[in-house]
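Fresh page, fresh coffee. Today I am going through one structure and jotting down what I look up as I go.

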Amino acid sequence: MGFFERLGNAWKIFVLSFQLLGRDKSLAIIPSFMLISTFIVLVLFLPLFGFPIYAGIFPSDLTSASPIAQGYGYLFAFLILFVEYFWMYFLSAAQCWMVYEVVHGQDTTVMSGIRRAYHNLGDIVLFSLVMMLLTGSRSRRRGIAHLLGSAVSYFATLAGRLVLPGMIVTEKSFMESVRDLKKVSQAWAEIAAYEVGTGPLWVLFFIIFVGFIILIGSAVPFAFGIFLILVGFMLFIALATYVNTTYYTLLYLALIERQKVPGLEKLSFAPVFKH
């Protein structure tokens, strides 16, 4: 099995991600709602702390307050950040299940995804907490410490993209899904192809998409043109979010769980991991 065959696997999974959206338009609902709801949370709560909240888990403007006020401020900031992470992963879990249903020929619904996510509520809470601690803070240091912090955040995010569908499309717990990460070696080429290859592809899509929106916006009043550009940008982010979740769900099903996925029957498989 050659390297280019593995790249072909990644392309087939990527293409199928778009095809599933064509089969069932309801798959677009959760990514759109996720974007809108996350934006609302940011608008409502970031002014309370100041935008530097994402320079670290805790805001920096409480340092001059009393110890008690600092404690309450830190706790509140921690809770708000956790709620944001939990909400994002709860919706992502629902999306994983909806993809699973469409793959198996079912007419999925948002409520079906929500019910499945609620079924795994405890695992999603634990998963969200771990991901927040690993990726929610950004080191203010420079040099090696900053690079190490960024590397931990990136690889934790990457691992989370496989742990989440593991919890949702199977009956595995959070810890069982984490232990199953040892099987990722079976799909390293497809993961690398997606992470490296889709970056330039998304940039190209983005340039074409924005160019098209600007072309339309130039033919309408300025304010309406700005509105179209903002809406177009949000739709693009929602599409990228959808493809990201769907790609890793399909990859997990086909290459790690080795389930039969219609449309991916001709994938080239790596040797099965030996326990």
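**Entry 1, surface.** I began with the outside of the protein chain: its accessible surface comes to about 14800 Å², and 74% of that belongs to carbon and sulfur atoms. A reminder to myself that this is a predicted model. I then checked burial, and 42% of the 275 residues count as buried.

**Entry 2, fold.** I looked up the secondary structure next and found nine helices and zero strands. Read along the sequence, the pattern is α-α-α-α-α-α-α-α-α. I also looked at contacts between residues at least 6 apart in sequence, and 75% of these join residues at least 24 apart.

**Entry 3, helix α4.** I picked α4, residues 110–119, and asked which of its residues are buried. They are S112, G113, R116 and A117. Looking down the axis of α4, I see these buried residues fall within an arc of 135°, so they line one face of the helix. That sits nicely with a general rule: an α-helix has 3.6 residues a turn, so residues three or four places apart point the same way. On the other side of α4, I noted R115 and Y118 as exposed.

**Entry 4, cavities.** I searched the whole structure for cavities of 30 Å³ or more and got two. I opened the second largest, with a volume of about 40 Å³. Its lining is L162, V163, S177, D180, L181, V184, Y252 and I256. Helices α6 (144–168) and α9 (222–256) are the elements that give two or more residues to that lining. Sorted by class, I have six nonpolar residues, one polar and one charged.

Notes. Residues numbered from 1 in each chain as written. Predicted model: local features only at pLDDT ≥ 70, side-chain atom pairs only at ≥ 80, totals over all residues. Heavy atoms only, no water. Buried < 20%, exposed > 50% of the residue type's maximum accessible area, 1.4 Å probe, protein only. Helix = DSSP H or I, 4+ residues; strand = E, 2+ residues; numbered from the N terminus. Arc of directions from axis to C-beta. Contact = heavy atoms within 4.5 Å. Areas by Shrake-Rupley, 256 points an atom, 1.4 Å probe, with all protein chains shown as cover. 1 Å grid on protein atoms, 1.4 Å probe; cavity = no way out; pocket = protein on both sides within 12 Å on 5 of 7 lines; lining within 4 Å. Points joined across faces, edges and corners; volume = space filled by probe spheres on them. Nonpolar A, V, L, I, M, F, W, Y, C, P; charged D, E, K, R; others polar.
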